[in-house]
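Reader: I would like a close look at a single part of this model, set out as one connected account, with the cut-off behind each term stated where it is used.

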Amino acid sequence: MTTIKELANTENLFTSGHRACAGCGGTVILRLLMAVAGKDTVIVGATGCMEVVSTIYPYTAWNVPFLHNAFENSAATASGVESAYRALLKKNNIKKKINFIAFGGDGGTYDIGLQSLSGAMERGHNMLYVCYDNEAYMNTGIQRSSATPFGSNTTTSPAGSVIKGKMQNRKDLTEIMVAHNLQYVAQASPAHWSDFVNKVKKALAIDGPTFINVLSPCPLGWGYDPSLSIELARLAVDTHFWPIYEYENEKYTINIKPKQVKPLEDFLFTQARFKHLKNEPALVEELKRFIEKRWNMLLQKENFCK
Amino acid sequence: MSNIVAKTGNEAMAEAMRQINPDVVAAYPISPATEIVQIFSTFVSGGKVDTIFVPTESEHSAISACIGAAAAGARVMTSTSSQGLALMHEILFIASGLRLPIVMCEVNRALSAPINIHCDHSDTMASRDAGWIQIFSEDSQEAYDQTILAMKISEDLFIPVMVTTDGFIISHAMSRLEMYENIDVQNYIGEHKTPYNILDIDKPITVGSLVLQDYYMEIKRQQADAMMKAKEKIKELYVDFNKKMKKNYNVIEKYFMDDAEYAIVALGSTAGTARYLCEKLREKGERVGIVKPRVFRPFFATEIVEILENVKGIAVLDRSDMMSSSGGHLFNEIKSAFYRNNRQPAMRNYIYGLGGRDITVGDIEDMLKDIKNFAISKEKTPDIKYITVREQEKK
């Protein structure tokens, strides 16, 4: 068990001075990730908020080697880095054990980079892929993605008088990764930092591809006060909106089962992106039904794999 | 020491890759380059190379993985063709922009639509502005030699290189190949050179930064400058290759050009057909010559003008069309190379062989007759002709 004090005392490998917004969930995720991964790590980042805010030339927020290639190919790029490492190990040109971590937002992971991710995971490269899922294309100004939840108002699924935001439910990327027969797949939330840290540790200990999907609250895109990021990340878990679970050795474990499930409205109506749903109880019911269906399926999977 | 064998273009390129023994090959099969990847896979599975082979799920991921591997200090190669090269397009610019040495064995094939798997140069030409060095090969021997040479060029200049052959015409045609001993290839290419290494965790660097208005232009200017300087260095490396490997290659090949009145300029396999014709015509006393640019990027404009300026007429053969209404790629390069030159020979563009349409000795002979008439005539239009094509009847 890592304490918060221990984490705070680790070398700062993702440093301050980056240009992320106040309250950005993504930077909290990266900070925690790097505290666990440590110095012997190579990062490959997809084009997106985290890359843009951390690498504006001639500055960098990274105290580890960092490579950015393009938007849709961070997994493929990392597979090349990892292959080079294996080739150089064989030749004895390198001896140290190195962690390879690729990351992308939901745009670079669920959508445009899905094929690249799927290929890299199927090929079995020794790497951890972390998706910071802020549920829309935030870097380009809040456009819908396949991770955007039903009903959400985005700039390409605007809530109008006829169409009330995004009319499709989100894609379940975490389960798509489970379907790749990976040894370790998890969902996490920055509110449950200890759980996330353990998941990163587990993933990095595995010799093979692993995947962690982390909910990444976005004050600008979701429309809330920046002080509420962690609170929202917690509410997402407590409302079943974002279950915290892992798939490990062919077994599902739901890490957090809220004793008292909070009303979904508590999560939705803290955010501007859902405010138009206040007058649309039927749509809220539809979203609730979907969330509960997914939660129940997850419970069944957990039970089935016992 | 060398061995004489019979190999297709694809086999020759795969053999060159084997002898280079790269650290990483990331590739995706596509006709007519599929065999290169297949043959190389057998070298990997049979322990003939030390390479880590990354069989990606697309060409886009193949070139992306090449970038990752090259940035990690590995010697890297790939292979593709046509739609595959087009799918790589976005990432080609990143490979050159990050100054990564990568060698690609590329087999020229038409681009869709309509879909067609046969030879033309549309794919390579569509990548001409991607900041890669581009080298054309006439036959298996050139494909083999230039693949080995390309590794040296790429690692000396930190510019990625694509070496091309003509789909099926060369890629699948068996011909005589003189191969070097493995050790000679290894000695020639030498130790792998890398511009930087992201596996050096003690010296962490950030590669692929976001560069805005304040620095972007300086970085691109440096890249352009590197390509300008590359011209002299590529020439030197050809000379060095000839010396070490006992060959006689140039960046632009010329045949019978010393006293030629008419010249044919062609890339790749067609230059061989044209040379055969030229030898026959020379026996009859006709003063015709052939110019075969091997290196298309960077473009050796001054050199090509020097070779061509004293002829009466130039037939520029293009196996691709820019679809700009101004002809093919080679024609446009040569035309602009002649701008402000004192001597201005007549020049006509012949677009031929799209989608693998045959080009025969007779076709080239007709072209020569045409360029002679064109040079004599006062009419200088049209300067673009599509040959061996069934033209639509005018209604």
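Reader: Into which domains is chain B divided, and which residues does each of them cover?

Author: Chain B is divided into domain 1, residues 2-245, and domain 2, residues 252-386, with bounds that come from an automatic or database domain assignment. The model is predicted, and local features are therefore reported only at a pLDDT of at least 70 and side-chain atom pairs only at pLDDT 80 or more, whereas totals for chains, interfaces and linings use all residues. Residues are numbered from 1 along each chain as its sequence is written, while chains are lettered from A and ligands numbered from 1 in the order in which they are written.

The centres of the two domains of chain B, taken over C-alpha atoms, are separated by 28 Å. Their contact takes 26 residues from domain 1 and 19 residues from domain 2 of chain B, where two residues are in contact if their C-beta atoms, placed from the backbone, lie within 7 Å. On the side of domain 1 of chain B that touches domain 2, the elements giving two or more residues are helix 5 (122-126), strand 6 (133-136) and helix 8 (216-245) of chain B; helices (H or I, at least four residues) and strands (E, at least two) are DSSP runs, numbered from the N terminus. That side of domain 1 of chain B has 13 nonpolar, 7 polar and 6 charged residues, with Ala, Val, Leu, Ile, Met, Phe, Trp, Tyr, Cys and Pro counted as nonpolar, Asp, Glu, Lys and Arg as charged, and the others, Gly among them, as polar.

Between the domain bounds one meets Lys246(B), in the loop between helix 8 and strand 10 (252-255) of chain B. Lys246(B) has a positive phi of about 55 degrees although it is not a glycine, and Lys246(B) is exposed, with 10 other C-beta atoms within 10 Å. In these terms a residue is buried if 20 or more other C-beta atoms lie within 10 Å of its own, exposed if 12 or fewer, and partly exposed in between, with C-beta atoms placed from the backbone. Another non-glycine with a positive phi, of about 70 degrees, is Arg340(B), which is found in the loop between helix 11 (329-337) and strand 15 (346-351) of chain B. Arg340(B) counts as exposed because it has 8 C-beta neighbours inside 10 Å.

Within domain 2, strand 11 (residues 262-265) of chain B is covered on both faces, since Tyr262(B) and Ile264(B) on one side and Ala263(B) and Val265(B) on the other are all buried. In a regular strand the side chains alternate between the two faces of the sheet. Strand 11 of chain B runs parallel to strand 14 (residues 313-318) of chain B and is joined to it by 4 bridges, two strands being paired if DSSP finds at least two bridges between them. Strand 11 of chain B also pairs in the parallel sense, over 4 bridges, with strand 12 (residues 288-293) of chain B. Tyr262(B) takes part in both pairings, as its bridge partner in strand 14 of chain B is Gly313(B) and it stands opposite Val288(B) in strand 12 of chain B. The chain crosses from strand 11 through helix 9 (residues 269-283) to strand 12 of chain B in a right-handed β-α-β crossover, a crossover being right-handed if, with the strands pointing away from the viewer, the path from the first strand over the helix to the second runs clockwise.

Chain B also meets chain A, with 38 residues of chain B in contact with 43 residues of chain A. The side of chain A that touches chain B draws its largest share, 13 residues, from helix 4 of chain A, and the residues of that side divide into 21 nonpolar, 14 polar and 8 charged. Strand 9 (residues 206-207) of chain B pairs in the parallel sense with strand 2 of chain A over 2 bridges, and Thr206(B) in strand 9 of chain B stands opposite Phe66(A). The open sheet that includes these strands has 9 strands in the order 8(A)-7(A)-5(A)-6(A)-4(A)-3(A)-1(A)-2(A)-9(B), and its pairing is mixed. Strand 8 (251-254) of chain A and strand 9 of chain B stand at the edges, each with a single partner strand, so one side of each is left without a neighbour in the sheet.

One further backbone feature of chain B is the cis peptide bond from Ser31(B) to Pro32(B), with omega near -5 degrees; Pro32(B) has its place in the loop between strand 2 (24-27) and helix 2 (34-45) of chain B.
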